[in-house]
Amino acid sequence: MLKDFYKLTDDYGSIEIKSNYHNHNYLCGHASGNVCDYAEQAVDNGLDIIGISDHCVPPVFPGAPYVLPDVIDSEYLPQFDKARALYGDKIEILSGVEIEYFEGYDEYYARLLKKVDYLVLGQHEYLYRGIARDSFFDGVDDGNVAAYCNSVAAGCKTGLFSVLAHPDLIFYRNPPVTRKVELEFENMIKTASDSGIAIELNANGIRNHGFRYPTDMLVDLCKKYGAAVVVSADAHSPNCICDEFTLRLAAYARIKGLNVIDRIKHG
Ligand SMILES: [Zn+2]
Ligand SMILES: [Zn+2]
């Protein structure tokens with residue numbers, strides 16, 4: 001849990017959120033709501049920009065029943081057309097996907113980026129010594145952390161991604177924070193910050209994952225490097241986009257003096 005999180009964010013009711021770029025959709029199979037449902041909630045909550053970024057299958061080791069690239073054309077993008085027709089005069093609606101980065105497949109990501117407005121780098125799975133590992137489920141030592149951090153840093157350097165989702169997900173299984181782990185994580189955050197990608201503080205780590213993320217380490221490094229930061233709901237249901245967890249986290253980021261931005265770069 002972030003240090004003094006609840007104490008510092010008592011006044012969360014007064015916080016204003018203007019944008020949110022990481023939200024899901026019924027198509028991934030473990031979320032509810034369509035793009036119209038999210039847009040309606042976003043309008044009701046006074047947002048200027050709403051981005052939906054459902055999970056998309058990565059080019060290798062598709063471990064989860066995420067959205068396939070052809071379903072993006074047939075069932076995902078049409079939802080945005082409909083939502084823009086209904087709410088486009090009230091709010092900017094951006095299409096995105098959240099996806100793992102694997103080196104050697106930049107063409108795959110570039111093709112996706114032709115379909116949607118932006119890509120979110122969410123490294124749930126990563127390769128360690130050629131084997132797919134999952135940040136949520138597999139045990140972690142400093143070798144895993146290094147492999148994860150190197151993949152994420154390489155993804156940031158491509159310039160293909162606009163948001164780095166939950167960079168501290170690799171701490172989910174509580175690896176011992178050795179000096180090597182600290183250095184690898186710091187190098188990843190510095191690389192991300194230098195690349196201009198927006199680094200995310202993720203409210204779903206509080207809402208659904210026992211507050212195993214975001215971490216103090218991430219907040220401290222974002223502060224140290226003056227990184228561009230976004231606070232995301234990572235909503236898997238439309239009524240979560242401006243819930244207490246998201247509002248408190250937005251308040252916390254500001255109280256900590258992070259460089260919170262409202263607009264990400266996108267196509
Ligand atoms: Zn999800
Ligand atoms: Zn994610």
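1. A residue counts as buried when its relative accessible area is under 20%, as exposed when that area is over 50%, and as partly exposed in between. This cut-off is applied in the points below to a predicted model. With a relative accessible area of 13%, Thr-191 is therefore buried. Thr-191 belongs to helix α6. Its side chain reaches the backbone oxygen of Asn-187 at a distance of 2.7 Å. When residues up to four places away in sequence are set aside, Thr-191 touches Ala-153 and Lys-157.

2. Helix α6 also packs against another helix, α8, which spans residues 216-225. The two axes lie 10 Å apart and form an angle of about 45°, so α6 is oblique to α8. The crossing of α6 past α8 is right-handed. On the α6 side, the residues in contact are Phe-185, Glu-186, Ile-189, Lys-190 and Ser-193. Their counterparts in α8 are Met-217, Leu-218, Leu-221, Cys-222, Lys-224 and Tyr-225.

3. The next matter is the metal sites. The zinc ion (ligand 1) has three histidine donors, His-30, His-55 and His-236, each through NE2, at 2.0 to 2.1 Å. Along the sequence, these donor residues follow the spacing H-x24-H-x180-H. His-30 and His-236 link distant parts of the chain, 206 residues apart. His-30 is in the loop between β1 (19-20) and α2 (35-44), whereas His-236 is in the loop between β9 (228-232) and α9 (244-255). Are these two donors buried or exposed? His-30 has a relative accessibility of 43% and so counts as partly exposed, while His-236, at 18%, is buried.

4. The zinc ion (ligand 2) is coordinated by Glu-98 through OE and by His-124 and His-166 through NE2, at 2.1 to 2.2 Å. The spacing of its donor residues in sequence is E-x25-H-x41-H. His-124 sits in the loop between β4 (118-121) and β5 (125-128), and His-166 in the loop between β7 (163-164) and α6 (179-195), so the pair ties together parts that are 42 residues apart in sequence. Both histidines fall in the buried class: His-124 has a relative accessibility of 5%, and His-166 has a relative accessible area of 1%.

5. How far apart are the zinc ion (ligand 1) and the zinc ion (ligand 2)? The distance between them is 5.6 Å.

6. His-24 deserves a separate remark. Like His-30, His-24 is placed in the loop between β1 and α2. Its relative accessible area is 0%, so His-24 is buried. A polar contact of 3.1 Å joins its side chain to that of His-22. Leaving aside residues up to four places away in sequence, His-24 touches several residues, including Ala-31, Tyr-38, Ile-52, Ser-53, Asp-54, Asp-234 and Ala-235. It also touches donors from both zinc sites: His-55 and His-236, which bind ligand 1, and Glu-98, which binds ligand 2.

7. A second helix pair is formed by α3 (residues 69-87) and α4 (residues 106-115). Their axes come within 11 Å and cross at roughly 10°, and α3 and α4 are therefore roughly parallel to each other. Pro-69, Ile-72, Asp-73 and Leu-77 make the contact from α3, and Tyr-108, Leu-112 and Lys-115 make it from α4.

Definitions and conventions:
Residues numbered from 1 in each chain as written. Chains lettered and ligands numbered in written order. Predicted model: local features only at pLDDT ≥ 70, side-chain atom pairs only at ≥ 80, totals over all residues. Heavy atoms only, no water. Donors = N, O, S within 2.8 Å, 3.2 Å for Na, K, Ca; no water. Helix = DSSP H or I, 4+ residues; strand = E, 2+ residues; numbered from the N terminus. Buried < 20%, exposed > 50% of the residue type's maximum accessible area, 1.4 Å probe, protein only. Polar contact = N/O pair within 3.5 Å; in protein donor to acceptor, adjacent residues only side chain to side chain. Contact = heavy atoms within 4.5 Å. Axes fitted to C-alpha atoms, helices over the stretch in contact; angles between N-to-C directions. Parallel < 35°, antiparallel > 145°, perpendicular 65-115°, else oblique. Left-handed = near helix turned anticlockwise from the far one by under 90°.
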